[in-house]
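Please open the structure in your viewer and keep the selection panel at hand. We will go from stop to stop, and at each one you get something to select and a note on what is there.

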Amino acid sequence: MTAQAEQPAGAAAGGQRRRLPAPSLREAGIIALFALIVFTLPWWLTAIGGYEALATKIAIWAIFALGFDILLGFTGYLSFGHAAFFGVAAYTTGLMFKHVSGDVVLALLVSIVVIAVLAAVLGVLTLRRAGIYFAILTLAFAQMFHAAALSIFQEWTGGDNGLTMSTKPALFGLPMQGLNVFYVVAVLLVIGFVAARQIKRSSLGLMLRAIKENSMRLQYTGVNVWRYKMIAYMISAMYAGVAGSLMVVYEPYVATKFLHWSTSGEVVIMSVIGGVNTLIGPMIGAGFMLYFENVVQAFIGEKWKLILGLIFVLIVVFLPGGFVDGFNRIRRALGIRTKPRRPNVPDAPETMSRYHDSKNTPAQTGSDN
Amino acid sequence: MASQAATRTEPGPAAAAGRAAEMGETLLDVQGVSKSFAGLKALSDINLQVKRGSIHAIIGPNGAGKSTLLNCLIGLLRPDEGSVTFDGRPLVGMQPHKIIQRGIARVFQTPQIFPALSLQENVAIAALAKRDGQFALTPHESLRPGHPMMKEAAYQLERVGLGDMLDMAAQNLSRGDKRRLEMAICLAAHPKLLLLDEPTAGMSRHDTNRTIDLLQKISETGMTKIVIEHDMHVVFSLAERVTVLHQGTIIADGKPEQVRGDPKVEEAYLGGAHE
Amino acid sequence: MDFDALFTLILTGFQKASIIALIALGLSLIFGTLGVVNFAHGAIYMVATYFAVYLVNQIGFFAALILVPPIMFILGIAMERGLIRYFYDRPHTDQILVTFGAAIVIQEVLKALFGANNIPFAYPSWGLGPLPLHEYLPFLDSVWFPKWQLLLIVVMLVTAGAIFALLQFTRFGLVVRAGMRDPLMLRFLGINITQKFTLVFGLGALIAGIAGVFGGPVTQVNPEVGMHQLVPSFLVVVIGGMGSLSGALVAALLLGMALSFSADYSAIQQIAIYLVAAIVLLVRPRGLLGQKGVME
């Protein structure tokens with residue numbers, strides 16, 4: 001792995017590209033900055049009206065949303081059923097705590113394995129066809145788990161009342177309470193972020209992103225698209241599973257709501273509001289949504305969900321790239337150079353103007369050359 | 001796995017034909033293929049041999065059954081009768097990606113590329129697919145600009161004349177350049193057979209000529225090409241052998257000069273000999 | 001099992017299928033013609049039930065019957081004009097997202113206006129009670145079936161029949177059917193497809209309106225109803241085959257039967273629909289009556 005800063009041959013973005021430091025150094029810097037923000041979350045969140053426990057919840061959902069972006073952002077597949085992974089992992093962890101031991105590591109590992117198997121099965125059922133089928137089917141099968149938890153598995157799940165336990169979870173003997181929980185979650189979040197970024201820049205990540213761009217072309221390049229879809233699905237499921245598991249570490253109670261479509265909907269909403277395919281966006285969306293729910297609600301009461309729903313619709317209609325895209329547009333309008341990369345939003349014509357000075361004629365003339 | 005062949009200009013169809021004649025092998029063998037859809041006979045008793053290393057054109061007016069034949073040729077459609085053998089093995093009923101892995105690359109009527117990815121990324125995908133086969137779990141492998149697959153991509157892009165636009169988003173290319181990009185994607189797969197599905201459809205005269213030049217330029221030894229076309233100019237500039245399809249049957253099959261003078265062909269093309 | 005019991009089970013199957021069938025019909029129509037997956041369709045049904053219960057309580061049932069479908073038709077047109085049409089050229093994911101968002105907003109608006117609690121939708125007095133079917137059908141021994149549920153079945157069959165007649169025998173229907181097969185072709189023929197789209201969406205909403213009027217007493221009226229009806233309706237469309245109206249109906253019936261016959265096994269009943277979906281999709285991915293290549 002080379003560490004030099006190689007200028008890509010013939011960068012067409014104009015000659016004034018600033019010299020970037022070596023990629024691995026830049027990467028370390030980004031991770032460090034991210035870790036800093038995450039680890040200090042309880043403090044600056046409190047400063048803006050939040051509270052410590054909220055920081056933990058935000059971090060948990062950030063993990064959920066991060067994994068979700070690997071599926072939606074990279075491959076473009078919209079799952080409305082990730083609550084299944086979140087909830088099943090939560091129940092698995094809860095049951096582990098209740099009937100086996102309060103060992104967090106063990107519960108996490110078991111949960112991840114269960115989720116991997118579940119994702120494999122659901123993936124076979126839902127991934128064979130195009131995105132529309134997938135969205136509907138994932139919603140349906142998640143609802144199945146919800147219904148099952150309320151009926152067939154009532155004995156284990158506690159049905160409507162939820163699963164309660166008296167075990168105090170512990171990580172290597174360290175009791176999971178207060179800030180301890182937050183740090184465990186924060187560490188996992190940072191690890192998850194590093195992993196996600198690595199996937200994004202890897203050859204695997206390229207294949208996943210190709211699925212979203214043109215899965216037919218990918219197929220006709222000899223790639224088994226289905227297998228890559230499965231991998232993306234399973235990875236995102238495992239992130240959701242870790243999040244669900246941590247939820248129970250945070251608060252030893254599992255509600256059937258964890259399996260409800262609204263939970264699936266929440267991760268979709270936060271990902272889109274934040275900005276899909278940016279990794280950072282969905283996490284920002286998670287923070288925003290939870291902040292809205294827990295802090296802003298105090299001011300505007302029950303209507304917070306309606307306001308959030310309206311924000312969601314407005315973003316889908318007018319700013320599909322989410323907050324991150326909005327942020328970038330502001331930066332561009334102010335003249336601050338953003339990364340000279342291709343847009344992650346399907347219809348963002350701004351980039352065309354950047355390349356007018358190349359000898360390529362603009363594409364919108366419609367002529368062939 | 002960067003190809004060692006330098007950008008060599010093919011001396012012309014004649015020499016390539018000569019070479020193929022030496023090898024004498026049939027790459028694609030179609031025997032007695034028929035296909036019907038809901039009572040309509042799209043193909044009747046098609047017999048066709050494509051010689052290894054040659055440039056073979058399949059032409060015919062619209063509705064002649066070219067698309068159906070194409071899909072049968074690469075195994076996407078199962079013929080009702082007959083057989084298709086590619087490189088000695090049957091080719092029917094396989095999933096598209098498996099067919100491609102056998103050594104076929106396809107250029108589509110409308111250039112199929114990965115719009116939001118850079119040109120280099122576009123071609124790197126093909127290079128990776130060639131290296132890894134249908135699937136590989138490689139989350140650890142970072143694709144920095146100096147990576148061998150990226151370098152291979154840069155090389156292929158250079159060959160088609162897009163070498164100075166590596167970082168550009170593919171969707172910003174003109175249509176003609178998108179076609180070249182697609183060509184580079186196909187080349188990176190080092191296919192045995194390159195299938196071109198009306199590559200000059202909807203192109204201006206200027207662009208068509210550039211495409212012809214490109215096709216001649218990129219000929220790799222041993223790479224067979226099948227061109228589905230109905231632009232005569234393209235066909236007669238490029239092909240060593242021409243098969244003419246009309247209403248599902250082959251009405252002529254031979255060297256371009258032979259086909260050109262064939263009265264049956266003229267009749268089939270009445271009023272639409274060339275653009 | 002004796003014939004009476006079997007007959008009752010089958011009839012119950014039809015009844016359980018009715019509301020879902022109507023919602024699925026609208027969904028399938030909208031998807032088949034516009035190509036839009038309308039995640040807000042359950043919410044549209046829900047809005048209809050709210051309108052219906054209001055009119056029933058204020059005026060009477062027949063007022064609801066006469067007013068709700070046209071109101072829903074207009075609302076459907078408004079929704080298509082105001083929101084949906086801007087998404088025809090956008091990727092399917094965006095269409096799903098915006099309709100999902102609309103569903104959430106509708107749900108929350110209803111909650112804000114009328115509260116989260118259930119609004120009781122009473123059966124009209126003439127619709128209460130069971131009907132002695134054996135008095136009309138000589139081959140039955142002694143079968144009692146609730147009047148309202150019978151009415152539901154009739155409404156479903158009549159509405160489905162009317163839609164099919166509309167599609168089969170009118171020019172509008174011809175255009176819609178052609179559009180379901182090949183929308184691009186219609187544009188080339190110069191037919192004003194956008195106008196048709198608006199009408200189809202309105203039609204879908206109208207059908208949901210009918211479903212709301214008669215289904216209200218069954219599904220009840222609260223902000224959860226929308227999504228609750230959406231999932232099985234979607235599944236039914238998928239099982240039946242995307243783009244096939246008859247498929248949606250057949251699948252709805254299949255589902256209804258599954259629910260009816262598994263009533264004694266309540267655990268299975270809950271997940272019956274999902275099992276059926278999984279089995280059908282594994283065995284026949286395109287759905288029961290779906291066309292090959294549609295969304296495959």
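One definition first: a residue is buried if 20 or more other C-beta atoms lie within 10 Å of its own, exposed if 12 or fewer, and partly exposed in between, with C-beta atoms placed from the backbone. This is a predicted model, in which local features need pLDDT of at least 70 and side-chain atom pairs count only at pLDDT 80 or more, while totals for chains, interfaces and linings use all residues. To find your way, note that residues are numbered from 1 along each chain as its sequence is written, and that chains are lettered from A and ligands numbered from 1 in the order in which they are written.

**Stop 1: a residue in chain A**

Select Ile112(A). Is Ile112(A) buried or partly exposed? It has 18 C-beta neighbours inside 10 Å and therefore counts as partly exposed. Ile112(A) belongs to helix α5 (residues 104-126) of chain A; helices (H or I, at least four residues) and strands (E, at least two) are DSSP runs, numbered from the N terminus. Now add Met238(A), Gly241(A) and Val242(A): Ile112(A) touches these three, not counting residues up to four places away in sequence. Contact here means that the C-beta atoms of two residues, placed from the backbone, lie within 7 Å. Add Tyr239(A) too, which is 127 residues from Ile112(A) in sequence and 8.6 Å away in space, C-alpha to C-alpha.

**Stop 2: where chain A meets chain C**

Show chains A and C together. Here 35 residues of chain A are in contact with 33 residues of chain C. On the chain A side, the elements that give two or more residues are α6 (131-150), α11 (261-274) and α13 (304-318). Which of them gives the largest share? Colour α6(A), which supplies 13 residues, the largest share of that side. If you colour by class, the chain A side shows 25 nonpolar, six polar and four charged residues. In this count Ala, Val, Leu, Ile, Met, Phe, Trp, Tyr, Cys and Pro are nonpolar, Asp, Glu, Lys and Arg are charged, and the others, Gly among them, are polar.

Next, pick out α11(A). Of its 14 residues, 13 are buried, so α11(A) is largely enclosed by the rest of the structure. Try the distance tool on its end C-alpha atoms: they are 20 Å apart, in agreement with the 20 Å that 14 residues should span at 1.5 Å a residue. That expected span is 1.5 Å times one less than the number of residues. Just after α11(A) comes Gly275(A), with a positive phi near 125°.

**Stop 3: a sheet in chain B**

Move to chain B and show its strands. An open sheet of six strands runs in the order β6-β7-β8-β3-β9-β10, with mixed pairing; two strands pair if DSSP finds at least two bridges between them. At the edges are β6 (104-107) and β10 (249-254) of chain B, each pairing on one side only.

Zoom in on β3(B), residues 55-59. It pairs in the parallel sense with β8(B), residues 224-229, over five bridges. Along this pair, Ile55(B) stands opposite Lys225(B), and His56(B) faces Ile226(B). Four bridges join β3(B) to β9(B), residues 241-246, also in parallel, and there Ile58(B) stands opposite Thr243(B).

How many residues of β3(B) are buried? Five of the five are, so β3(B) is largely enclosed by the rest of the structure. Side chains in a regular strand alternate between the two faces of the sheet. Both faces of β3(B) are covered, with Ile55(B), Ala57(B) and Ile59(B) buried on one side and His56(B) and Ile58(B) buried on the other.

**Stop 4: chain C**

Finally, show chain C alone. It has 11 helices and two strands, running α-α-α-α-β-β-α-α-α-α-α-α-α from the N terminus. Its C-alpha trace spans about 60 × 45 × 40 Å along the principal axes, and 51% of its 296 residues are buried.

Select Gly204(C), in helix α8 (residues 193-219) of chain C. Gly204(C) is buried, with 30 other C-beta atoms within 10 Å. Its contacts, leaving aside neighbours within four places in sequence, are Gly26(C), Leu29(C), Ile30(C) and Gly76(C). End on Ser28(C), 176 residues from Gly204(C) in sequence and 8.7 Å from it in space, C-alpha to C-alpha.
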